[in-house]
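Trainee: Could we go through this structure together? I would like to ask about it piece by piece.
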There are 6 protein chains.
Amino acid sequence: MKIAVCPGSFDPVTNGHLDIIARSSKMFDKVIVAVLRNSSKNSLFTIEERVELLKSTCAQYENVEVDSFSGLLIDFLKLKEANFIVKGLRAVSDFEYEMQMALMNSKLAPEIETIFLMTSNKYSFISSSLIKEVIKLGGDISGLVPAQAEEELIKRFNIGG
Amino acid sequence: MKIAVCPGSFDPVTNGHLDIIARSSKMFDKVIVAVLRNSSKNSLFTIEERVELLKSTCAQYENVEVDSFSGLLIDFLKLKEANFIVKGLRAVSDFEYEMQMALMNSKLAPEIETIFLMTSNKYSFISSSLIKEVIKLGGDISGLVPAQAEEELIKRFNIGG
Amino acid sequence: MKIAVCPGSFDPVTNGHLDIIARSSKMFDKVIVAVLRNSSKNSLFTIEERVELLKSTCAQYENVEVDSFSGLLIDFLKLKEANFIVKGLRAVSDFEYEMQMALMNSKLAPEIETIFLMTSNKYSFISSSLIKEVIKLGGDISGLVPAQAEEELIKRFNIGG
Amino acid sequence: MKIAVCPGSFDPVTNGHLDIIARSSKMFDKVIVAVLRNSSKNSLFTIEERVELLKSTCAQYENVEVDSFSGLLIDFLKLKEANFIVKGLRAVSDFEYEMQMALMNSKLAPEIETIFLMTSNKYSFISSSLIKEVIKLGGDISGLVPAQAEEELIKRFNIGG
Amino acid sequence: MKIAVCPGSFDPVTNGHLDIIARSSKMFDKVIVAVLRNSSKNSLFTIEERVELLKSTCAQYENVEVDSFSGLLIDFLKLKEANFIVKGLRAVSDFEYEMQMALMNSKLAPEIETIFLMTSNKYSFISSSLIKEVIKLGGDISGLVPAQAEEELIKRFNIGG
Amino acid sequence: MKIAVCPGSFDPVTNGHLDIIARSSKMFDKVIVAVLRNSSKNSLFTIEERVELLKSTCAQYENVEVDSFSGLLIDFLKLKEANFIVKGLRAVSDFEYEMQMALMNSKLAPEIETIFLMTSNKYSFISSSLIKEVIKLGGDISGLVPAQAEEELIKRFNIGG
């Protein structure tokens, strides 16, 4: 069985993330979307909220599971008996950072392979942090995040209340 | 009437900024230099000081106004009945960030256009943060910022006092 | 009067070109789309055919003219009393080439300004040469070039004949 | 069954290519290495020679086949009932070109997915054209291409003869 | 006498740093490895610990000295009668930042030259901060940092204790 | 004795080249400017003319010699007992190409070091091919190439005749 992990902060999940997850689900027998428990990063949603949002938006994909992890990503893959990491690439700056991480992970665990998908051009300018910045200032983010995430973001920023 | 906005932190204005403002003033009927009120960013000069510095250095350009804004940039443009955002590009890293912002702004307000000017090569290595770093450590920044900004920076860091 | 020139090979015009031309037409009093007469480059359409295609696709924009030029671009601008060059940017590789050209043109004619627009993300992967490659091999290019250009390309490659 | 195609010129196959092929063979049920029949490109080896070299160097991977194709890559995939294209990425310039091709292929055939692997850092500076340049001038390419390719290259350039 | 300075944070020294230092030592009569005293940056090792680690790992190079500095790098060079700054380049993002710094230093002190070496491809993915991240999470960093640095890192994170 | 080679096509020498040569001459005991005899490239000046132009423009630097070479660059260095290759970097695209060449040369001859200097920002947009394009079309290149090269270019294109 070929199992892949899609790691990320997902604070919150965007349509760009969902696009990568959906495409991954066609390539692998099982895809585990894995939220990184990174205490140092300032987040809007808790790990549990992010996992919940992902679960409700990924429910449509039968072979997609949602989980969270701390520690080294490759240790999480070993625990899950997964051999593939899937990442989306939007821009040159992504590329260089992700190349560094892929080479380091390949040094730490040569049997694990990182594969990259190009982000669909209609989502190329979306990131969780830009989404939060825009909605905080009152911008309209419909079409950029799943409906459930939009609803939560609107609640969180008390917009239109 | 064609009105453009040059947004930025301007903490403080550099000769690179002034070059972009001067060139913009030849393209548009009115140019509004707009200082972003961004509470989260650690700044050296207050918004009011930055606006004052810009006003005194831009006084030579008849069709240039200086203002400040908070909230979404596109909302400030709508308020001012402006249709154009002008940004300078120095390097590949600028390009990718600015492309993301331009695509997001075009999604939020398709009628607003972002235009880019290449920074003059003599100013390509200048940024407000590098200027502050250099003068803090005692370096000479003459020729890199307008005279008024240099004077204020010297006062601020109590150099030669 | 503010006049801009959109230079290029336009062999043939794509929807990416048209997008830049349409957006330029809102910024300037007059826009001159200028086909470069470059004898050394292997082209599919003659200069005259390219000018005709541009004329028919740009007819909808009242302030857009189509012309061709040889020699230095800045000399063509002087002849036309134009002060602005407009170029679209799709990628980092575009950016570096265009920055070099903009700096050279600014050295040759400091009064002429080059301005850049980010290509709309839905056209970011289109280029005339890729379009020709795809249609030559039998691919479907509808939606990527104007209808007139598609028709001419189909004729040229004798597709479906 | 998940079938992937690794397309390329392979003039000749390098250890960088082999690394990508070997890693792909672990991800898919079948991998088809496909030599592009591109008449316009000046090549050292004929298509048949390149296919032979690939066959002998890929013989160790049970689920790897070697073939050649002309026409659109996506048409070759449809013919072979393959759904995945695999490409290696070495550098930023690769990234931008490959992103353009992936977006075009996704427009032409949305059901086909392009996936990218980062070239192993020990092969990051190798390309078929640089290999040919080096051996033509008498440089030692051992360790950079498979033994069979090295042998053929030495014969071709009559080195040591 | 030709004297060069290799500046950096070295928190801690990696094999990538050592590679650049060793190669610099062959080019210059004397090489001074200079640890930046940067109070604002969150560091793992104190300046004194970093200097000690560098001294013990660089002891094998006769013409290499280790020191620390605060203030402008060019002032440290003048104090040491050094004329060259040596920096390693790993990636495009390094390149742009380093070009900015080199141009600024050349404006501040035209007689001082910055020279760049390409990081060896086997160390291209290593940085002090990634090393710290990996070991903190229990990953194996042998071969990526000198033995003394590995020992100190293991002590610091109390691994295997 | 530390000897460096500055290789290139120099068709013709520009002020950007001269800047790199002058700066190299301060770093090394001897600098050999080496014109590549590359039969496949379409050139304006013969090898002999290029060597002559370089000799007359470099006469002011006592420790600079001019020569030409064919074959592998590293073999030329061995012949000349040189250990260093010096290259100028202008842009990201230069960087990636030069990194590939430096890694290949380091594989072929580990004892030879390639060092990079950032092109001075006032010459960052100059290349021999752009210079030729500009003068061919009647543009003014004064200040971009040495006086002797300008004179030869003017003769060659029969300008003002």
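Trainee: Where is Glu81(A) placed?

Mentor: Glu81(A) sits in the loop between helix 3 (73-79) and strand 4 (84-89) of chain A. Please keep in mind that this is a predicted model.

Trainee: And what is the phi of Glu81(A) near?

Mentor: Phi of Glu81(A) is near 55°, which is a positive value in a residue other than glycine. As background, most residues other than glycine have a negative phi, and most peptide bonds are trans.

Trainee: Speaking of peptide bonds, what kind joins Asp11(B) and Pro12(B)?

Mentor: Asp11(B) and Pro12(B) are joined by a cis peptide bond, with omega about 5°. Pro12(B) belongs to the loop between strand 1 (3-8) and helix 1 of chain B.

Trainee: What about Asp11(C) and Pro12(C)?

Mentor: A cis peptide bond joins Asp11(C) and Pro12(C), and omega there is about 0°. In chain C, Pro12(C) is found in the loop between strand 1 (3-8) and helix 1 (15-27).

Trainee: Let us turn to the chains. What rotation superposes chain B on chain C?

Mentor: A rotation of 180°, with 0.0 Å of shift along its axis, superposes chain B on chain C at an RMSD of 0.0 Å. That is the relation of a two-fold axis.

Trainee: Which C-alpha in chain B is nearest the axis?

Mentor: The C-alpha of Phe116(B) is the nearest one in chain B, at 2.4 Å from the axis.

Trainee: Why can one say that the copies meet through the same surface?

Mentor: Of the interface residues of chain B, 100% are also interface residues in chain C, so the two copies meet through the same surface.

Trainee: How many residues does that contact take from chain B and from chain C?

Mentor: Chain B gives 25 residues and chain C gives 26 residues. Between them, chain B and chain C bury about 2100 Å², with 72% of it on carbon and sulfur atoms. On the side of chain B, Met27(B), Phe95(B) and Met118(B) lose the most area to chain C, and together they account for 30% of what that side buries.

Trainee: How many salt bridges are there between chain B and chain C?

Mentor: There are two salt bridges between chain B and chain C. A salt bridge at 2.8 Å, N to O, brings together the side chains of Glu113(C) and Arg23(B). Chain B and chain C also share three residue pairs in polar contact.

Trainee: Which elements give two or more residues to the side of chain B that touches chain C?

Mentor: They are helix 1 (15-27), strand 4 (84-89), helix 4 (92-108) and strand 5 (113-118) of chain B. Helix 4 of chain B gives the most, with seven residues. By class, this side of chain B has 14 nonpolar, three polar and eight charged residues.

Trainee: Which residue does Arg23(A) meet in a salt bridge?

Mentor: Arg23(A) meets Glu113(D), side chain to side chain, at 2.8 Å from N to O. Arg23(A) lies in helix 1 (residues 15-27) of chain A and Glu113(D) in strand 5 (residues 113-118) of chain D, so this pair joins two chains. Over all chains, the structure holds 72 salt bridges.

Trainee: Now chain C and chain A: how many residues does each give to the contact?

Mentor: Chain C and chain A each give five residues. The pair buries about 280 Å², 48% of it on carbon and sulfur atoms. Val92(C), Asn121(C) and Phe125(C) supply 89% of the area that chain C buries against chain A, more than any other three residues.

Trainee: How many salt bridges does that pair of chains have?

Mentor: The count between chain C and chain A is zero salt bridges. One residue pair across this interface is in polar contact.

Trainee: How far apart are the closest C-alpha atoms of chain B and chain D?

Mentor: They lie 11 Å apart, and no contact joins chain B and chain D.

Trainee: One last topic: at what angle do helix 2 and helix 6 of chain B cross?

Mentor: The axes of helix 2 (residues 47-58) and helix 6 (residues 147-156) of chain B cross at roughly 145° and come within 9 Å. Among the residues making the contact are Leu53(B) of helix 2 and Ala149(B) of helix 6. The contact has two nonpolar, three polar and three charged residues.

Terms used. Residues numbered from 1 in each chain as written. Chains lettered and ligands numbered in written order. Predicted model: local features only at pLDDT ≥ 70, side-chain atom pairs only at ≥ 80, totals over all residues. Heavy atoms only, no water. Contact = heavy atoms within 4.5 Å. Buried area = accessible area lost by both parts, 1.4 Å probe. Salt bridge = Lys/Arg side-chain N within 4 Å of Asp/Glu carboxyl O. Polar contact = N/O pair within 3.5 Å; in protein donor to acceptor, adjacent residues only side chain to side chain. Axes fitted to C-alpha atoms, helices over the stretch in contact; angles between N-to-C directions. Helix = DSSP H or I, 4+ residues; strand = E, 2+ residues; numbered from the N terminus. Nonpolar A, V, L, I, M, F, W, Y, C, P; charged D, E, K, R; others polar. Least-squares fit on C-alpha atoms with pLDDT ≥ 70 in both.
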